[in-house]
Structure formats: structure tokens, C-alpha cells
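User: I have a model open and some terms to sort out. Can you take me through the reasoning behind each label?

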Amino acid sequence: MTTVPPPISFEIYPPRSDDGLPALYETIRHLAAIDPQFISVTFGAGGSTRDRSLGVLTHILRETSVPPLAHLTCVGSTYADAGAVIREFLDAGITRFLALRGDPPVGLGEDDAFLGDLESAAQLVQLIDRVQAERVPYAETPVPGLDRAAVVAPRERVQIAVAAFPNGHPRSRHAHEDIDALLAKEAAGATLAITQLFFRPDEYLDFVDRARTAGVRMPILPGIMPITSPARLRRVLELTGDARPADLGAALDQAGPGEAGRAVGTAHAAGLARAVLQGGAPGIHLYAFNNHDTVLAVLRAAGLCPEQEILV
Ligand code: FAD
């Protein structure tokens with residue numbers, strides 16, 4: 001009996017300049033070869049990467065058979081600006097989004113300056129849905145043989161994913177606020193949640209349990225990041241505010257940077273992937289850091305990617 005491999009997806013980011021595009025396109029070619037469910041492309045809060053993100057998304061759309069998924073942030077945007085970006089992405093053929101609030105610029109707190117018309121990711125979910133409904137209120141299929149007759153059907157909705165935080169968002173004061181935020185995103189129309197990275201399988205599995213008990217129904221895809229050096233672990237902890245994972249931290253310190261660190265990070269991420277799938281995760285979303293070697297090594301080590309599907 002053959003088992004169906006679980007859905008895999010990847011996150012990449014637009015390079016700082018066009019010089020980085022050839023290497024990224026090569027990475028996309030390798031990632032696309034294993035037929036992932038989607039490849040997502042990050043978006044700089046405040047719109048700083050708008051054109052470059054859209055360029056990478058349209059490259060995926062044109063050059064591969066993998067659906068691209070566009071991250072969008074709304075912090076600092078007016079309704080009109082956010083609506084214009086959504087329209088531009090829909091015009092380019094993008095039909096999958098990850099709706100995020102995004103972080104205010106460093107140094108600006110929640111009470112400072114203008115942080116935008118949209119106060120949360122849930123409001124961006126609603127705006128994406130509304131903009132699409134205005135553009136395509138319904139679908140029309142011509143009736144063969146009947147001139148100018150058409151069958152009118154409800155429009156096909158865009159897919160809208162949102163972020164979830166198994167270890168809590170740095171801004172939330174209590175664990176239930178993260179679940180409440182997720183419920184609000186689902187009520188607004190989100191159909192998929194993708195998690196922030198976590199270090200132990202039970203962090204994800206307990207979070208999913210709590211979300212289900214509270215009534216969240218959408219799939220919650222575990223976001224897994226191979227952490228391959230002590231420096232990357234430090235940067236990640238600064239970003240998430242999580243406590244340092246003692247075992248992984250010690251193993252990375254002992255290995256140092258380079259191949260030994262990469263082996264530690266790969267084995268850790270592969271173990272996480274296996275454990276969360278066993279616990280019922282609907283797939284695996286890998287933070288690729290614009291490098292295919294490490295994430296494909298994780299999938300191989302986890303037994304999730306046949307050797308022959310890897311391009312050379
Ligand atoms: P929200 O859901 O609006 O809020 C985040 C959390 O804050 C909530 O879960 C809740 O705990 C808390 N919170 C919000 N409002 C309240 C309230 N009123 N009271 C109490 N608590 C509250 N950033 C980028 O700039 N670009 C990207 O491309 C990007 N991609 C990401 C992809 C993933 C999978 C994840 C997990 C994060 C990503 N981020 C990205 C980071 C994200 O923008 C930040 O984590 C941001 O701070 C929160 O965004 P959000 O959409 O979850 O916001």
C-alpha cells in the first residue's frame with residue numbers, strides 16, 4: 001500500500017536587490033520540483049517590498065505549476081492604500097493571501113503616530129474578501145447554443161490564510177488572547193492558519209487542542225524553521241520573545257556554525273515535522289530562508305520527500 005505524502009509548503013522572501021533574483025529563481029525551481037501545495041512570499045510591513053514581492057509571486061505563477069501565496073500587511077496603510085495593493089495583486093492573478101497586521105516601525109509603539117486604518121489582521125481578511133467581491137461579484141458561464149445566455153454562480157472566493165502563535169504573540173497578555181485573535185480571523189473569513197515557528201511538538205499540538213476547544217475549525221498548518229546556527233537561534237528569539245530551548249541551544253553551541261550546525265538544525269526540524277504529523281497536523285510549512293538545500297534535507301530526513309524528486 002502506498003501512503004499519500006502530506007502537503008508541504010514553503011516560505012521565501014524577496015531579495016534586497018535584483019542581483020539576488022537568479023539565485024532565488026534557482027531555489028524556486030528546486031522547491032517547485034517536489035510539487036508543494038504553495039510557495040508563500042513575504043511582504044515588508046509598510047509596503048517596503050511591494051514591487052519585489054509581486055515580482056517574485058508572478059515569477060512563481062508564470063514559471064512553475066505551484067500556486068503562489070502572497071503575504072500582505074496593513075500596518076501604516078489607509079483603507080485606500082490597502083485596497084489598491086489588494087487590487088494590484090488580484091490583477092496580477094494572485095488568488096491566495098496571508099493577511100497580516102505586520103509590526104509598526106522599530107521605535108513606534110501602538111499609541112504613537114498613525115499606525116493605519118486597519119487595526120488587526122482580521123480587518124485585512126475582510127478587506128481582501130470585499131475587494132474581490134467588488135471586482136467579481138459572481139461567476140458567469142456561457143450556455144452553449146444559447147446566444148448571450150449565461151449561468152450565474154457564486155464567485156470562487158480567494159483563499160485567505162492568517163498567522164497563529166502557538167507560544168503567544170509578544171503583544172498578547174494572556175494565552176487566550178491568541179486564541180481569541182484566531183477566532184476573530186476565522187469569523188472574518190480566513191480559511192487557513194499558519195503558525196509562527198515553535199521548538200517542541202507539544203507547543204503546536206497543545207495550541208491546536210486549545211484552538212479546537214474554543215471553536216476554531218480551519219486547518220492550522222505548523223510553520224517549521226530549521227535553525228542551523230547559534231546566531232540564527234539568537235535572532236529568532238529576539239523576534240518571537242520565546243524562551244531559549246535548552247537542548248537545541250546547547251546542541252547548536254556545541255556544533256557551531258557550518259555543516260555541523262546545519263546537521264543539528266536539520267535533524268531537529270525533521271523530528272518536529274514527524275512528531276506534529278503523527279499528532280494530526282494537516283501538512284508542513286517550511287521557512288526556507290531562500291535556500292532549498294536545507295529544507296529539502298529536512299524533508300528527506302523526515303521521510304517526506306523521495307530522493308528522485310530532488311533536482312540536481
Ligand atoms: P494580529 O492578529 O492583528 O495580532 C497579533 C497578536 O497580537 C494576536 O494573536 C494577539 O495575541 C495580539 N493582539 C492583537 N490585538 C490585540 C488586542 N487588541 N488585545 C490583545 N492582544 C492583541 N510580518 C511582515 O511584516 N511580513 C510578513 O510577510 C510576515 N509574514 C509572517 C508569516 C507568518 C506565518 C507569521 C506567523 C508571521 C509573519 N509576520 C510577517 C509577522 C507578523 O506581521 C507579526 O507577528 C505581527 O506582529 C502580527 O501580525 P498578525 O497578523 O498576527 O496580527
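Analyst: Start with handedness. A crossing is right-handed if the near helix is turned clockwise from the far one by less than a right angle, and left-handed if anticlockwise. By that rule, helix 8 and helix 9 cross in a right-handed way. Keep in mind that this is a predicted model.

User: What makes helix 8 roughly antiparallel to helix 9?

Analyst: Take the angle. The axes of helix 8 (residues 246-255) and helix 9 (residues 259-278) cross at roughly 155 degrees and come within 8 Å. Angles over 145 degrees count as roughly antiparallel. Therefore helix 8 is roughly antiparallel to helix 9.

User: Why are helix 2 and helix 3 called roughly parallel?

Analyst: Helix 2 (residues 50-63) packs on helix 3 (residues 79-91) at about 20 degrees, and their axes are 11 Å apart. The label needs an angle under 35 degrees. So helix 2 and helix 3 are roughly parallel. Their crossing is right-handed.

User: Why are helix 1 and helix 2 called oblique?

Analyst: Helix 1 (residues 21-32) and helix 2 pack at an angle of about 40 degrees, with axes 11 Å apart. Roughly parallel stops at 35 degrees, and roughly perpendicular runs from 65 to 115. The angle fits neither range, so helix 1 and helix 2 are oblique to each other. This crossing is right-handed.

User: Now the ligand. How do you know that Lys185 makes a polar contact with an oxygen atom of the ligand?

Analyst: A polar side-chain atom of Lys185 lies 2.8 Å from that oxygen atom. The cut-off is 3.5 Å between N or O atoms. The pair of Lys185 and the ligand therefore counts.

User: What makes Arg173 and Ala121 count too?

Analyst: Arg173 has a side-chain N or O atom 3.3 Å from a nitrogen atom of the ligand. Ala121 uses its backbone: a polar atom there is 3.1 Å from a ligand oxygen atom. Both distances are within 3.5 Å, so both are polar contacts. Alone, the ligand exposes 980 Å², and the protein buries 82% of that.

User: Which residues come nearest to the ligand, and which helix gives the most to its shell?

Analyst: Of the 26 residues around the ligand, Phe43, Arg101, Asp103, His169 and Asp178 come nearest. Helix 5 gives the most to the shell, with four residues. The shell divides into ten nonpolar, eight polar and eight charged residues.

Notes:
Residues numbered from 1 in each chain as written. Predicted model: local features only at pLDDT ≥ 70, side-chain atom pairs only at ≥ 80, totals over all residues. Heavy atoms only, no water. Near = heavy atom within 4 Å. Polar contact = N/O pair within 3.5 Å; in protein donor to acceptor, adjacent residues only side chain to side chain. Areas by Shrake-Rupley, 256 points an atom, 1.4 Å probe, with all protein chains shown as cover. Helix = DSSP H or I, 4+ residues; strand = E, 2+ residues; numbered from the N terminus. Nonpolar A, V, L, I, M, F, W, Y, C, P; charged D, E, K, R; others polar. Axes fitted to C-alpha atoms, helices over the stretch in contact; angles between N-to-C directions.
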